[in-house]
Amino acid sequence: MMLSVFDIFKIGIGPSSSHTVGPMRAALMFARALESSGLLAKVARVQVELFGSLGATGRGHATDLGVLLGLLGEAPDTVRPEGVAAILATVRRERVLPLLGRHSIGFDPRDDIAFSGECSLPEHPNAMRLAAFDGDAALLRESCYFSVGGGFVVEGGAAAPAAAHAVALPFPFRTGDELMAHAVAQGRSIAQLVLANELAWRPESEVRSGLLRIWQVMQDCVQRGFGIGNAQAAEALPGVLRMRRRAPELFRSLSRGGAASADPLAAMDWVNAFAMAVNEENAVGGRVVTAPTNGAAGVVPAVLHYYMRFVPGANEQGVIDFLLTAAAIGMLYKTNASISGAEVGCQGEVGVACSMAAGALVAAQGGTPQQVENAAEIGMEHNLGLTCDPVGGLVQIPCVERNAMGAVKAINAARMALRGDGSHYVSLDTVIRTMKQTGEDMKSIYKETSLGGLAVNVVEC
């Protein structure tokens, strides 16, 4: 089964695709399952237990809030971020939760959501169990879900994420070699191959409009992160770190120009600003695009903004080609390795985003499929071993700056590839396989548990 572009790029809210968006989707699936089986009206109580990384960093990653929203019937792509605080405050104050917005039950998040970070289930480190009981405390339904990265959710016993599509495609591929073979045999770009596959599911007009909507959400996120039309945004990010937003001031400084405008590397300052704007918005629970995750959501938009602002001849078709190509690269990682920080560390998030953006930038500039593959390989090769060690369990340090670094690295990888003829020693498949092996070898304290690295060496205050 193949993935769609719109499985890789999903509209959601921050701060985490695996720890907020995934649990929201899982809780919504659970509530809808109760409804479809005729049990909703009988439910008197729901209990939730979060295991492994979800339990260890769930409070800082707003996992409990995601669960509540899902039980309320909210979906990541349609929930209004600005209304979330009021909804959750009401549930906490009244200790009543209307399942799917219409069947009210008693619910106290402090008692009914358990954080069991010390216990990890063997199937995946991001696991959650939901159970519904009737008024006599009899179990009505119990389900286990795994949030496997990028907002993908697998229910216990299912073979694959529900987002996978069992449709016959003209150019199916599981590996980079297979993708490149199609490109050579057909004389088509990677973007053209992916578009042809997408047409098996939906008309071209819908694909294009969907991709342009993704791009618009990315642009809107950057604008909010810069403080444009977002005057009420708090200067500090939420949580114990009280980190100050830096993107608005950086934007104002760059906009003033002056002597800095003559700096030959000023474009990189803008790339930093674009990436940090997105991830600061993500940190406050704003609307973002998983690309391929929320923790890495700033890399692809930053590089795409760079393309539109600084690459001569940039146009809308380039944006389409960029996103189609980036998605193809993301599919390879999702299929053959992981995009979950809890499973393989941040190499699976910012590293994958860097690889996606590098290859996509080459494609948007008319590079060959061989150059695209070369850029994607470079982007990951120099992120191998990247740990996920969020300070305070928050998607802030090192995440905000790390996205900026990943975006700059992607641009450099693209430039290196475009200066070559596409031939290179290490294949993309090899580096993906190496990333997976490296993640398996990595200690669990470096995989989104906040038990190692910066998380234990930076004093929270």
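# Exercises on a predicted protein model

Of the protein's 461 residues, 58% count as buried. The model is predicted.

**Exercise 1. How does the radius of gyration of the protein compare with the globule rule for 461 residues?**

Solution.
- Step 1. Start with the secondary structure: 19 helices and nine strands.
- Step 2. Take the radius of gyration, which is 22 Å.
- Step 3. Take the value from the globule rule, which is 23 Å for 461 residues.
- Step 4. The two values are close, so the protein is as compact as a globular protein of that length.
- Step 5. Add the box: along the principal axes, the C-alpha atoms fill roughly 70 × 55 × 45 Å.

**Exercise 2. Among contacts between residues at least 6 apart in sequence, what percentage joins residues at least 24 apart?**

Solution.
- Step 1. Keep the contacts between residues at least 6 apart in sequence.
- Step 2. Of these, 77% join residues at least 24 apart.

**Exercise 3. Is Thr57 buried or exposed, and which side chain does its own side chain meet in a polar contact?**

Solution.
- Step 1. Find Thr57 in helix H3, residues 52-57.
- Step 2. Read its relative accessible area: 1%.
- Step 3. Apply the cut-off: buried means under 20%. Thr57 is therefore buried.
- Step 4. Look for the polar contact. The side chain of Thr57 makes one with the side chain of His19, at 3.3 Å.
- Step 5. Leave aside neighbours within four places in sequence. Thr57 is then in contact with His19, Gly393, Glu448, Thr449 and Ser450.

**Exercise 4. Where do Pro15 and Pro398 lie, and what is omega for the cis bonds leading to Pro15 and Pro398?**

Solution.
- Step 1. Recall the usual case: most peptide bonds are trans.
- Step 2. Check Gly14 to Pro15. This bond is cis, with omega near 10 degrees.
- Step 3. Place Pro15: the loop between strand E1 (10-13) and helix H2 (17-36).
- Step 4. Check Ile397 and Pro398. A cis bond joins them, and omega is about 5 degrees.
- Step 5. Place Pro398: the loop between helix H16 (369-381) and helix H17 (399-418).

**Exercise 5. What is phi for Ala62 and for Leu100, and are Ala62 and Leu100 buried or exposed?**

Solution.
- Step 1. Recall the usual case: most residues other than glycine have a negative phi.
- Step 2. Take Ala62. Its phi is positive, about 60 degrees. Ala62 sits in the loop between H3 and helix H4 (63-72).
- Step 3. Take Leu100. Its phi is positive too, near 55 degrees. Leu100 sits in the loop between strand E3 (96-99) and strand E4 (103-106).
- Step 4. Judge burial. Ala62 has a relative accessible area of 12%, so it is buried. Leu100, at 12% relative accessibility, also counts as buried.

Key: Residues are numbered from 1 along each chain as its sequence is written. This is a predicted model: local features need pLDDT of at least 70, side-chain atom pairs count only at pLDDT 80 or more; totals for chains, interfaces and linings use all residues. Side-chain values use heavy atoms; hydrogens and water are left out. Helices (H or I, at least four residues) and strands (E, at least two) are DSSP runs, numbered from the N terminus. The radius of gyration is taken over C-alpha atoms; the globule rule is 2.2 Å times the number of residues to the power 0.38. Buried means under 20% relative accessible area, exposed over 50%, partly exposed in between (1.4 Å probe, protein chains only). Contact means heavy atoms within 4.5 Å. A polar contact is a pair of N or O atoms within 3.5 Å; within protein, one must be able to donate a hydrogen and the other to accept it, and residues adjacent in sequence count only if both atoms are side-chain atoms.
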